[in-house]
Amino acid sequence: MIESLSSHLRVVKALTVREMESSNSSYVYGYAWALVEVCISMAALLVLKILIHALSPPAMPPVLFLLLGAVPWFTFHNTALGMLQILPQRRKLLQLPHVTPLDILFSKATLVLCTYGSIFFVGLLAADYFEIGGVPRSTAGLVLIYLLSWIMGIGFGLSLLPLVRIYPPALKLLAVIWRFGLILSGVYFTISKIPPLYWGYLTWNPMLHVSELMRTYWFYSYQTPIGNPYYVASCTIGLFVFGLLLERYIRLRFPL
Amino acid sequence: MSVEFVNVGKIVGRGKYAHTLFDDLNFRVENGTRIAILGLPKSGKSTLLRLICGTDHADSGSIQRSSSVSWPIPLGDFLVSFSTVAANIKFIMRLYGLDSDQTVRAIAELVEISEFLNTRLGDCPRHVKQRLAFALGVGLGFDICLFDQRVSAVDKEFKEKSINIVKSLSPDKAIVVATSNPKEVAEVCDTVFVLESGKLTPFSDIKDAIEHLKALMGMNEDNEPDATDAGAEPVDEEFVLEIGI
């Protein structure tokens with residue numbers, strides 16, 4: 001059991017390094033472009049936020065506010081989307097003994113975490129320095145909720161994998177859902193800016209809880225009225241276990 | 001140290017196209033054996049190799065592996081054109097828990113491509129990819145090396161050397177060649193099976209195995225299609241030329 005697990009970890013590590021080396025490898029600076037792409041996306045979001053007028057409470061510096069909402073969302077989104085797209089692209093790796101579809105999926109998820117995690121860390125430090133955001137209220141809470149958003153992305157990706165495997169055009173439909181998700185997940189607003197009448201329609205979304213909790217764990221000035229870490233943890237574990245079971249079921253019945 | 005098939009069954013295709021490829025297949029690859037598996041095209045040779053190395057699963061029965069097994073050589077689709085030759089070697093080494101610059105160099109030297117180590121694979125001459133795929137399979141120390149179709153699937157200049165490399169593999173390593181090219185097999189293997197209707201029939205002499213294969217193809221003594229076997233499936237011309245009948 002432990003030997004098998006360590007073998008899988010070794011395979012995932014090798015695949016992640018390969019992904020890192022080969023992503024954008026047709027360009028001169030290779031993987032650095034992946035990081036630049038994320039920075040450009042964040043800058044675009046910031047401009048958009050300024051254009052649509054800030055909905056953040058006045059005590060929150062705008063860049064920190066945006067980073068705390070956007071990076072967990074994009075980590076979740078890109079992990080799930082990457083997992084839905086990677087298998088057809090890397091099918092040839094399955095010709096190698098010891099490489100399983102799950103290894104390829106987890107390597108993609110790990111690469112997303114490495115990319116967004118590093119941007120998040122550096123971005124938060126820089127924004128905190130320039131905007132004088134202060135010391136976070138709970139660093140452990142921030143890290144934990146961020147990691148849960150990543151694992152939720154894995155679970156969400158695994159859960160949707162059978163749908164995309166059986167009906168590939170579903171990926172196009174999902175693109176629309178992602179856009180709604182971005183809007184509904186509190187990247188641009190805090191729930192306190194929304195009339196309580198509508199909270200019941202929004203709080204089912206665990207990613208809204210993530211955005212709220214991230215801001216609560218950073219800013220002393222903001223206490224979320226709805227963010228519930230147990231709800232986030234329950235959704236994450238539920239999606240992850242359901243996704244793993246579904247992936248196993250579909251792998252045996254619809255081999256790649 | 002071996003790979004053992006116990007009552008293995010394999011169904012290929014789906015729905016109305018599904019058919020049983022192997023049924024109750026029992027087979028064992030011991031370390032140090034050199035096995036050739038001859039069979040008609042689409043008889044299941046490649047599937048058998050995939051089952052041996054574990055990239056395909058059996059639908060019934062069990063396959064026990066206590067040896068490290070290579071992928072079917074010279075498969076090299078997993079190599080990345082945008083990465084250098086060295087990066088490709090390192091990837092495979094990391095995958096199997098090996099990591100040393102010396103091994104990278106040794107792999108490249110084995111097939112005389114050291115000068116391309118730091119060149120992107122896509123920018124290298126075509127033979128570099130073929131040789132690299134071959135070198136990775138035979139040079140990383142797998143207990144069992146599998147070959148699909150050819151032992152020497154490299155450029156002409158290196159063909160003879162590649163056969164010598166395979167011949168010179170340590171005596172405790174096993175080789176399994178699934179092929180329709182008995183010429184090469186005779187040089188490398190000492191045990192022959194013919195794969196027919198999902199069953200492996202052992203032959204003590206490779207000539208007998210070839211004769212049996214000819215009969216399966218519906219060829220008579222003059223290497224013409226047998227008139228009595230009008231319903232036989234047409235056979236790939238290239239295959240007929242390859243096995244030299």
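The following paragraphs lead through a predicted model, from chain B as a whole to its contact with chain A and then to individual residues.

Chain B is a suitable place to begin. Its secondary structure comes to eight helices and nine strands. Of the 245 residues in chain B, 48% are buried. The contacts within this chain can also be described by their separation in sequence: among those between residues at least 6 apart, 67% join residues at least 24 apart. Chain B exposes about 11700 Å², and carbon and sulfur atoms supply 47% of that area.

The contact between the two chains comes next. The size of an interface is often given as the accessible area lost when the parts come together. Between chain B and chain A, the buried area is about 1900 Å², and carbon and sulfur atoms give 63% of it. Chain B brings 20 residues to this contact and chain A brings 21 residues. On the side of chain B, three residues are to be noted: B:Phe91, B:Arg94 and B:Leu95 supply 29% of the area that chain B buries against chain A, more than any other three residues. What part do salt bridges play across this interface? Zero salt bridges are found between chain B and chain A by the rule applied.

One residue of chain B that touches chain A is B:Ser83. This serine is placed in the loop between strand S5 (69-73) and helix H2 (85-95) of chain B. Its relative accessibility is 9%, so B:Ser83 counts as buried. Apart from neighbours within four places in sequence, B:Ser83 is in contact with A:Ser22 from the other chain and, within chain B, with B:Asn88, B:Thr119, B:Arg120 and B:Leu121.

Salt bridges are found elsewhere in the model. Side chains of opposite charge can pair when their charged atoms come close. Over all chains, the search finds six salt bridges. In one of them, B:Glu4 pairs with B:Arg28, with the closest N and O atoms 2.8 Å apart. Because B:Glu4 lies in strand S1 and B:Arg28 in strand S2 (residues 19-30) of chain B, this pair ties together parts that are 24 residues apart in sequence. B:Arg28 also meets B:Glu30 in a salt bridge, at 2.4 Å from N to O. B:Glu4, B:Arg28 and B:Glu30 are thus linked in a network of salt bridges. Each member of the network is partly exposed: the relative accessibility is 26% for B:Glu4, 38% for B:Arg28 and 31% for B:Glu30.

B:Arg28 and B:Glu30 also appear among the contacts of a serine in strand S1. B:Ser2 is found in that strand, which covers residues 2-12 of chain B. With residues up to four places away in sequence left out, B:Ser2 touches B:Arg28, B:Val29, B:Glu30 and B:Asn31, and also B:Gln64, B:Arg65, B:Ser66 and B:Ser67. B:Ser2 has a relative accessible area of 8%, and therefore is buried.

A further salt bridge in chain B joins the side chains of B:Glu112 and B:Lys161, at 2.5 Å from N to O. B:Glu112 lies in the loop between helix H3 (101-110) and helix H4 (126-139), whereas B:Lys161 lies in helix H5 (residues 156-167), so the pair ties together parts of chain B that are 49 residues apart in sequence. Both side chains belong to partly exposed residues, with a relative accessibility of 41% for B:Glu112 and 35% for B:Lys161.

The cysteines can be considered next. How many disulfides are there over all chains? The count comes to zero. B:Cys145 illustrates this result: it is in no disulfide, and the nearest cysteine sulfur, that of B:Cys53, is 12 Å away, whereas a disulfide requires sulfur atoms within 2.5 Å. B:Cys145 is buried, with a relative accessible area of 1%. B:Cys124 is buried as well, with a relative accessible area of 10%.

The account ends on the surface of chain A. There, A:Leu163, A:Ile166, A:Tyr167 and A:Phe254 make a nonpolar surface patch of about 400 Å². One of these residues, A:Leu163, is found in helix H5 (residues 139-166) of chain A. Its relative accessibility is 42%, so A:Leu163 counts as partly exposed.

Terms used
Residues numbered from 1 in each chain as written. Chains lettered and ligands numbered in written order. Predicted model: local features only at pLDDT ≥ 70, side-chain atom pairs only at ≥ 80, totals over all residues. Heavy atoms only, no water. Patch = residues over 30% accessible without salt bridge, like charges linked within 9 Å, V, L, I, M, F, W, Y side chains within 5 Å. Areas by Shrake-Rupley, 256 points an atom, 1.4 Å probe, with all protein chains shown as cover. Salt bridge = Lys/Arg side-chain N within 4 Å of Asp/Glu carboxyl O. Helix = DSSP H or I, 4+ residues; strand = E, 2+ residues; numbered from the N terminus. Buried < 20%, exposed > 50% of the residue type's maximum accessible area, 1.4 Å probe, protein only. Contact = heavy atoms within 4.5 Å. Buried area = accessible area lost by both parts, 1.4 Å probe.
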